[in-house]
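Work through the exercises below with the model open. Try each task before reading its solution.

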Amino acid sequence: MEIELKLLLAPQDALRLRAHPLLAQTAQGEVQVLQMHDIYVDTPDLQLCRHHAGLRVRQVDGHWVQTLKAGGSVNGGLHSRHEWEGDVPGPRPDLAALDSAIGRKQPIRALLRQDTVRDALQPVFTTRIERTVWQLRTPQGDQIECVLDQGVIESGADGADGAIRSVPVSEIELELKQGQASSLFDVALALLQEVPLQLGHMSKAERGYRLAASQPLQAVKAQPLALDAAMSVEQVFLAITGNCLEQVSGNQDGVAAGEDVESVHQMRVGLRRLRSALGMFKSLLALPDALKGELDWLGGALGEARDWDVLAGNTLARLDGEAQADAAALAEAAHAQARLKHQQAAQAVTSARYTACMLGVQRWLQARAWRDGCSMRQLRRLDARVSPFARATLRKDQRRLMKRGKRLLHATPQQRHQVRIAAKKTRYATEFFASLFAGGAVKPYVGRLSALQDELGWLNDVQVADRLLLQLPEVQTGQADQADQSAQDGLRLHAAFIRGYLAARAQAEGSDGRMHKAWRRFKAARLPA
């Protein structure tokens, strides 16, 4: 299993990296500089890519090597993938040699044995890279290969004009050769002190496929967790947090692009799931306050963009009848504010602060430093099998939700908000542990939780809309000149009307039975545990 951390840097910062004191202090032997030419092969319909695999043949100073990478995961910039490598005589892969090297239980082996795949392999894209390699040895004795890659990825001809599409490459790869994975993050954080870096979510193969197939960025939703009842509480904690970080980092590029509404939403969901998971295990381990504060900062940046997106694209868009004209007048200004908040969110996830935050969380997870501060009782609980912990967690979450929901019929907006938060945490916990319980019990329970969340969510959107609509005329006034003053006065009147309209509608919908019905259906649901 290959374990590496990928970081991106601006080409002009390569000199700063080369001069970094860490490299001078920990490098062993001579620095290598290699000229590499990679040829990635796949079928015309990209069967390897569809199965999350990449097959390349690399020429290094006249010598050819084939490499197949498949499976694994990416979270917080940490790439873990199965890798098989071997010499080949030329620029074509040797599938017989790969077949001998791949384990029988690997799905990629069966795929490569299919004649329709073997006979259809062809070059899809190429890379030309200058690679600089340092072999590092940390004071703790860990061995890490530090690689600086600079060059270009090129696809085939682009249409009738025969043009070649290309994207530049400027990245660092820290690969663990021996020792603890946490040392990768120590090195990365040290490099970040001198060189502006960003986490690299996509491998060169993924970037090449995106270029060759002209694939747009897509938002990444949470993937189902496959837990085993034999796993310990600590192992499940690491699996859950890793799953959450995959969702966060998977949407990084979409948020950085500055426009994609769904990427912001899914990154925020991933962050909320992560914080909910940390809360579930807080009796056994606790994220350091400094890192918790950084997650709060990131959540705030994403939350502002999401709130304006919901106002502009959902709350105002749902209004009709007498409110429609006023809502339309406000929507344009709300969309403009949403675009501004997207730019700010993009700046946040491309900043050194975000990089340090994600590296810090990953380092904390890899080092498992919480064990040093645990009592013997806590250590026994961490090492115990997960099923009793999962059942106890779900029962506790349900009791909290039931207690908060007792007065839901006559609740204030703040009390409804607390019920909504409790419902969300209960749903996240149920989804985290779902694979430990019978699917027939989990699905209806989560379904009724989701229905309750939907009803409470709309009422919460109204509360958020009231706050934002109160701000909107003032924000627009601050950005306008005197000639626009009359327009701002009109915007203020539209906002006042819609705030009143939404309040009345929320009052009506809060008492029309739908929320109460959703609550009664949830109360009758059977807890999966």
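Two exercises follow, on overall size and on one helix.

The model is predicted: local features need pLDDT of at least 70, side-chain atom pairs count only at pLDDT 80 or more, and totals for chains, interfaces and linings use all residues. Residues are numbered from 1 along each chain as its sequence is written, and side-chain values use heavy atoms, without hydrogens and water.

**Exercise 1.** Compare the radius of gyration of the protein with that of a compact globule.

Solution.
- Take the radius over C-alpha atoms; the globule rule is 2.2 Å times the number of residues to the power 0.38.
- For 529 residues the rule gives a value near 24 Å; the protein has 26 Å, which agrees.
- Add the box: the C-alpha atoms fill roughly 75 × 65 × 50 Å along the principal axes.
- Check burial: 50% of the 529 residues count as buried (under 20% relative accessible area, 1.4 Å probe, protein chains only).

**Exercise 2.** Find which residues of helix 16 are buried, and why they share a side.

Solution.
- Locate helix 16 (a DSSP run of H or I, at least four residues, numbered from the N terminus) at residues 386-405.
- Check its length: 20 residues reach 28 Å from first C-alpha to last, close to the 28 Å expected at 1.5 Å a residue. The expected span is 1.5 Å times one less than the number of residues.
- List the buried residues: V386, S387, F389, A390, T393, L394, D397, Q398, L401 and G405.
- They lie on the same side of helix 16 because they cover an arc of only 160° around the axis (directions from the axis to the C-beta atoms).
- Turn to the opposite face: K396, R399 and K403 are exposed there (over 50%).

Key: Helix = DSSP H or I, 4+ residues; strand = E, 2+ residues; numbered from the N terminus.
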